[in-house]
Amino acid sequence: MDPLVITVAPVGGELTREQQPRLPLTPEEIAEEVARCREAGASIVHLHVRDGRGVPTQDREPFARAIDAIKRSAPDVVIQSSTGGSVGMTEDQRSQPLDLKPEMATLTTGTVNFGDEVFENPFPLVERFFLRMREIDVQPEFEVFDTGMVETAGRLVREHDAEARHLHFDLVLGVPGGMAGTPQAVLHMASILPEGATWSATGIGRTHLPVTLIALAAGGHVRTGFEDTIFYAKGRLARSNAELIARVARIGAEAGREVATPDQAREIVGITRRSG
Ligand code: KMH
Ligand code: ZN
């Protein structure tokens, strides 16, 4: 099996300090947290940022400030900017981080109920994001919440990607409204991915540990962090994102999956082999 790529999602697009008092908000706080996560075994950071009041934003400037700070605190980490943003943001808002040409960016390939709200991703929007990423050479991580989104990723590749570049997916399971965060769901999703694709998985909330464990055992990679779970165990808030990363790294090591370096992660997810 490949070394284990651990992605940290330290901020999220919806979470508040009221829910998780250790949530990093400023560029400096985010960068310091990413450095601790890098130390603990993370090789990719899935990045959301906040404005000066701590409100989620997709604006270019706060993204640039956070990325500059991360490049100082954890220079080798892979930065994966969110294009999902927060529920309700417009396409123009969501696409701004792409102006900074990150190495990688998320691409959710369908609409999903998101608790009481709707995370809207109609096909024309998804297609525009995909084409823009290909044009500026940003590797997409297909962020899929159900099987239909895998089908849509396949359609994008069939219609627009004659060169057959490497595909990487993140299975986001356990969102209220999306697919369940069960071992069976992880294995089913992994079984329908296009041939040769790599994948990571995360379970939201109480589904986090089962999804993590099955992904590790099945040869997938893992995402963790406050965006996905604010708890370390039932009733006990995580002390930091790094605490969550360290647990995955420990379990991975016991299971024969040493953590990947950022350069190994680049290779595995297709950043450095994206033309071949
Ligand atoms: N905040 C969610 C609505 C992404 O980053 O690309 C969307 C999200 C996905 O977090
Ligand atoms: Zn996100």
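The following paragraphs describe the zinc site and the surroundings of ligand 1 in a predicted model. Local features required pLDDT of at least 70, side-chain atom pairs were counted only at pLDDT 80 or more, and totals for chains, interfaces and linings use all residues. Residues are numbered from 1 along each chain as its sequence is written, and side-chain values use heavy atoms, with hydrogens and water left out.

The zinc ion (ligand 2) is coordinated at 2.1 Å by His 46 (NE2), His 48 (NE2) and Glu 227 (OE), where donors are N, O and S atoms within 2.8 Å of the metal (3.2 Å for Na, K and Ca) and, water not being among the atoms, sites may look incomplete. Along the chain these donors follow the spacing H-x1-H-x178-E. Distant parts of the chain are thereby linked, His 48 lying in the loop between strand 2 (44-47) and strand 3 (49-50) and Glu 227, 179 residues apart from it, in the loop between strand 12 (221-224) and strand 13 (231-233); strands are DSSP runs (E, at least two residues), numbered from the N terminus.

Ligand 1 is surrounded by residues that include His 46, His 48 and Glu 227, each with a heavy atom within 4 Å of the molecule. Polar side-chain atoms of Glu 14 and Ser 82 lie 2.5 Å from a nitrogen atom and 2.7 Å from an oxygen atom of ligand 1, respectively, while a polar side-chain atom of Glu 227 lies 2.9 Å from an oxygen atom of this ligand. Of the 300 Å² of accessible area that ligand 1 has on its own, the protein covers 98% (Shrake-Rupley method, 1.4 Å probe).

Conventions
Chains are lettered from A and ligands numbered from 1 in the order in which they are written. Helices (H or I, at least four residues) and strands (E, at least two) are DSSP runs, numbered from the N terminus. A polar contact is a pair of N or O atoms within 3.5 Å; within protein, one must be able to donate a hydrogen and the other to accept it, and residues adjacent in sequence count only if both atoms are side-chain atoms.
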